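Student: I'd like to go through this one label by label. Can you show me where each term comes from?

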Amino acid sequence: MFRAIVYQRAKGDLASIPFGTKVDTYGDGYEWMGHSIAARDISAMDHNPRVKIGGIHCTQPYSAALLNISAMSFGSLSSNAVRALNRGAALGNFYHNTGEGGVSDFHCEHEGDLVWQIGTGYFGCRSDDGRFSAAGFAKTAQRTNIKMIEIKLSQGAKPGHGGILPASKNTDLIARIRHVPVGTEVVSPSAHSAFSTPRGLLEFVQQLRELSGGKPVGFKLCVGRESEFIAICKAMLETGIMPDFVTVDGGEGGTGAAPLEYSNSVGMPLRDGLAFVVNTLEGFGVREHIRVIASGKVFTAFDMAKALALGADLCNSARGMLLALGCVQSLECNSNRCPTGITTQDPRLVRGLDVSDKGQRVARFHRETIHALLDLTSSAGLESPQQLNRSHIYRRVDQMTVRRYDQLFPLPQNGSYLTATATDAVFVHLNEASSDSFSAALADSA
Ligand SMILES: Cc1cc2nc3c(=O)[nH]c(=O)nc-3n(C[C@H](O)[C@H](O)[C@H](O)COP(=O)(O)O)c2cc1C
């Protein structure tokens, strides 16, 4: 539905739509933003809003844009797609997440900012037995174009399942970068071997921060069982180690290849997962130290506004960026036959993707979406998008009921989870969570 507006923005075509909305504004689930009579003048706003990521343990904090390129590997994407995305990031001054497939030369040619993602396969920092290699990590992490490190715990399209690189896309070069046998299907392990407990995860965060020379380190997850994230928050308080950011991916997230049951039926959707993560950080009193990044069907400025209103500090987009690159949704990402040269390793198809032109489109899509966000923000009477909160978004819950996000997703008092009692709804999850295990401690049902 939003493909046309992404194309328009990427190509620099007319930014408006004619005649009025085609959306059913009376349908269940319809959402809108409340504007203000005291709307502001957009020209007086900061046109390059940024968010600082990196707590006191970071010697190299990063100033991030509000919209960035979500994790997609070289392997799932072609060399030219990676080049064009990175060119767009460099032109527009936003970051480009490498995805779990490692850092290739194609990520570095245009010198756009990178977030290096480390998945369970540890591609690019892997020892011969497939485990994490500290020496391998340190060497790459200290490159100046790598600004942050993201540990991938899960992604919304296939949470609890390792990444999948189809055999037809596992070329010589990709096999070399990943240290895997060429021409075979590469399924990453479903869980990390570098740690196995919430405490262990945070110790790994600290290890990566030190090995990278003090760069921000965070993790990405799609929320599964609530107690697992709560266990991580308990471990934060016990160890004093905080991630610099948490990326929340919605169950509606995209992928190059995933089993159907996972894409359709595993993992919490973004709105619920994001509200839960923000509430939990707030409830444990650690929200101010940790930036929250949201991904999952962010195509327009209104999608961004909703995420920021729920408490995200910034957003990532994967498929929006693919559409900006010229994706026509031929749904061939997992077959090596993508006709636009984006998700294929077939050299004849890859050649058709013009890096210079498509890099420009990615940068334009970004610029126009940020502009639209500022436009919305000014109409809400706010000085900056960071002032959006849950009271700004409305939802038609059913034919007789409209609710604001602050009614649907009430924010707990800062630190209130530390003194929660059995009458609080969150208590059941708090009770299940232990900093020593990701497994929920289940009450005896006998
Ligand atoms: C082609 C493709 C490859 C992806 N590869 C990765 C990956 O390597 N690591 C990861 O964490 N997520 C990966 N994702 C998921 C995205 O980073 C993102 O979390 C998800 O698609 C939600 O964003 P979207 O709705 O804007 O696409 C991939 C998505 C796509 C479409």
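Tutor: What follows is a run through helix packing, salt bridges, burial and backbone angles, and bear in mind that this is a predicted model.

Student: Let's begin with helices α2 and α12. Why is α2 called oblique to α12?

Tutor: Helix α2 (residues 79-92) and helix α12 (residues 355-379) pack at an angle of about 45 degrees, with their axes 7 Å apart. Roughly parallel would need an angle under 35 degrees, and roughly perpendicular runs from 65 to 115. The angle of about 45 degrees fits neither range, so α2 is oblique to α12. As for handedness, the crossing of α2 and α12 is right-handed.

Student: Which residues make the contact of α2 with α12?

Tutor: On the α2 side you have Asn80, Arg83, Ala84, Leu85, Arg87, Gly88, Leu91 and Gly92. From α12 come Val355, Ser356, Lys358, Gly359, Gln360, Val362, Ala363 and His366. Sorted by class, the residues of this contact are 6 nonpolar, 7 polar and 3 charged.

Student: And what makes α3 and α5 oblique to each other?

Tutor: Run the same check. Helix α3 (residues 134-141) and helix α5 (residues 198-211) pack at an angle of about 50 degrees, their axes 9 Å apart. That value lies between the 35 degree limit and the range that starts at 65, and α3 and α5 are therefore oblique to each other.

Student: What does the contact of α3 with α5 have by class?

Tutor: In α3, Ala134, Phe137 and Ala138 meet Gln207, Leu208 and Leu211 of α5. By class this contact has 5 nonpolar residues, 1 polar and no charged ones.

Student: On to charges. How many salt bridges does the structure hold?

Tutor: The structure holds 18 salt bridges. One of them is between the side chains of Lys306 and Glu31.

Student: How do you know that Lys306 and Glu31 meet in a salt bridge?

Tutor: The N to O distance is 3.1 Å, and the cut-off is within 4 Å, so the pair of Lys306 and Glu31 qualifies. Lys306 lies in helix α9 (residues 301-310) and Glu31 in strand β1 (residues 31-33), so the pair ties together parts that are 275 residues apart in sequence.

Student: Are the two partners buried or exposed?

Tutor: Buried means under 20% relative accessible area. Lys306 has 17% relative accessibility and counts as buried, and Glu31, at 10%, is buried too.

Student: What separates Lys306 and Asp303 in helix α9?

Tutor: About one helical turn, because they are 3 residues apart in helix α9. Their side chains meet in a salt bridge at 4.0 Å, N to O. Asp303 is buried, with a relative accessible area of 11%. Salt bridges that share partners also join Glu31, Arg271, Asp303, Lys306 and Arg395 into one network.

Student: Where do Glu100 and Lys152 lie?

Tutor: Glu100 sits in the loop between β5 (95-97) and β6 (113-118), while Lys152 is in strand β7 (residues 146-152), so this pair links distant parts of the chain, 52 residues apart. The side chains meet in a salt bridge at 2.6 Å, N to O, and both residues are buried.

Student: Now the backbone. Which value of phi does Tyr122 have?

Tutor: Phi of Tyr122 is near 50 degrees, a positive value in a residue other than glycine. Tyr122 has its place in the loop between β6 and α3. At 1% relative accessibility, Tyr122 counts as buried.

Student: Why does His179 count as exposed?

Tutor: His179 has 51% relative accessibility, and exposed means over 50%, so His179 counts as exposed. His179 lies in the loop between α4 (172-178) and β9 (186-187), and phi there is near 60 degrees, again positive in a residue other than glycine.

Student: What does Gly224 count as?

Tutor: At 45% relative accessibility, Gly224 counts as partly exposed, since that value falls between the 20% and 50% limits. Gly224 is in the loop between β10 (217-221) and α6 (226-239).

Student: Last one: why does Lys220 count as buried?

Tutor: Lys220, in strand β10, has 5% relative accessibility, and so counts as buried against the limit of 20%. The C-alpha atoms of Lys220 and Lys152 are separated by 4.9 Å, with their positions 68 residues apart along the chain.

Note on methods: Residues are numbered from 1 along each chain as its sequence is written. This is a predicted model: local features need pLDDT of at least 70, side-chain atom pairs count only at pLDDT 80 or more; totals for chains, interfaces and linings use all residues. Side-chain values use heavy atoms; hydrogens and water are left out. Axes are lines fitted to C-alpha atoms, for helices over the stretch in contact, and angles run from 0 to 180 degrees between N-to-C directions. Helices (H or I, at least four residues) and strands (E, at least two) are DSSP runs, numbered from the N terminus. Angles under 35 degrees count as roughly parallel, over 145 as roughly antiparallel, 65 to 115 as roughly perpendicular and the rest as oblique. A crossing is left-handed if the near helix is turned anticlockwise from the far one by less than a right angle, and right-handed if clockwise. Contact means heavy atoms within 4.5 Å. Ala, Val, Leu, Ile, Met, Phe, Trp, Tyr, Cys and Pro count as nonpolar, Asp, Glu, Lys and Arg as charged, and the others, Gly among them, as polar. Buried means under 20% relative accessible area, exposed over 50%, partly exposed in between (1.4 Å probe, protein chains only).
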